[in-house]
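Open the model in your viewer and keep the selection panel at hand. Each stop below says what to select and what is there.

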Amino acid sequence: MANTISDITFVVTLSIDFPERKHNYEKHKEHWKDVNVIYEISEPTEIFHRTKLFNNGLKKVKTKLAAIADIDCIFSYEVLEKAVQRCKDKTFVIPFNKVHHLDNSGDIVTTWKSPPKLNKETLDKHFYTGQFDTFIDYNNIKIPSFEAPTGLCGIVNVDEYRECGFENENCIDYAFEDIERIVRMKKFGIDTVWLDEVGYHLWHPNSSRKRNKLFRNNFYEFLKICDMSEEELRTYVRTWN
C-alpha cells in the first residue's frame with residue numbers, strides 16, 4: 001500500500017532567537033496544520049543542540065515515516081504527497097531540489113543557488129578564517145559535495161533511521177549535520193533522492209557563526225564519518241546509545 005500524509009510526522013526544531021523566527025513558527029504551524037507535527041523548542045539562551053532536539057522528537061514519533069524539518073521550510077501538500085509516496089524502503093527523500101527565499105509578505109526575494117563545493121577555499125570563505133589547513137589533506141581526502149539542498153527537510157522510514165543511530169548528537173548547532181546524515185545513511189544502505197520540485201525558505205536574520213568553534217567541531221565529525229568503513233561506523237554508532 002502506498003504511503004499517504006497520514007503516515008508521516010514532522011519533527012521540527014527551533015530556537016526563537018529573532019522576532020522573525022517567531023513569525024516563521026506561527027507560519028509553519030498554520031501551513032502544516034493538517035499533518036502531524038512535533039515541535040522541539042530550545043531556549044534562545046541555550047546552545048542550540050539541534051541534533052539532540054531532533055532525537056527527542058524522533059523518539060516520540062508513532063507513524064511509519066518522519067520528516068526531519070527546518071522551522072523555516074514550507075512546501076506544497078502536493079509535493080509532500082509525492083515525497084511520502086516516493087519514500088520506499090531504504091530511501092531518504094528530500095522533497096525538492098530548488099529553494100526560493102520568501103520575505104515576510106510571502107514574496108520570492110531570491111532563489112537559492114547550489115551549495116558551495118566542500119573544499120578548503122569555500123570552507124575558509126564561508127565558515128572559517130583562513131586557519132583551517134593545519135592537518136587536513138585536501139588533495140587526497142574524499143569529501144562529497146551536493147548539487148541540491150540537503151538540510152531543510154528530509155523524509156525517512158523511522159525504523160530504518162533508528163538503525164542508523166538517528167541524529168548524530170556530536171554535531172551541535174548548524175553546519176554539516178545534514179550532510180553527515182546523508183553520508184552516514186548511505187553507508188547503512190539508505191540512498192538519498194531529490195524530487196524535481198520547489199521548496200520555500202522563510203526569511204530570518206542570520207547571526208554570524210563564521211568563527212563559531214561548533215562549525216569546526218561539526219566538520220571534524222563529518223570528516224570522521226566520511227573516513228569510516230561501514231563496519232567501523234556501525235561500531236561507532238552503537239556507542240551513542
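Select helix H8, residues 230-238, where the buried residues are Leu233, Tyr236 and Val237. Buried means under 20% relative accessible area, exposed over 50%, with partly exposed in between (1.4 Å probe, protein chains only). Helices (H or I, at least four residues) and strands (E, at least two) are DSSP runs, numbered from the N terminus. Look down the axis of H8: its buried residues line one face of the helix, because they fall within an arc of 95 degrees. That arc is taken from the directions from the helix axis to the C-beta atoms. Now select Glu231 and Arg238, exposed residues on the face of H8 turned away from its buried side.

This is a predicted model: local features need pLDDT of at least 70, side-chain atom pairs count only at pLDDT 80 or more, and totals for chains, interfaces and linings use all residues. Residues are numbered from 1 along each chain as its sequence is written, and side-chain values use heavy atoms, leaving out hydrogens and water.

Go next to helix H3, residues 77-86, and select its buried residues Val79, Leu80, Ala83 and Val84. Down the axis of H3 they fall within an arc of 130 degrees, so they line one face of the helix. Which strands do the buried residues of H3 pack against? Show E1 (8-15), E3 (65-70), E5 (91-94) and E8 (153-157): the buried residues of H3 pack against these strands, where contact means heavy atoms within 4.5 Å.
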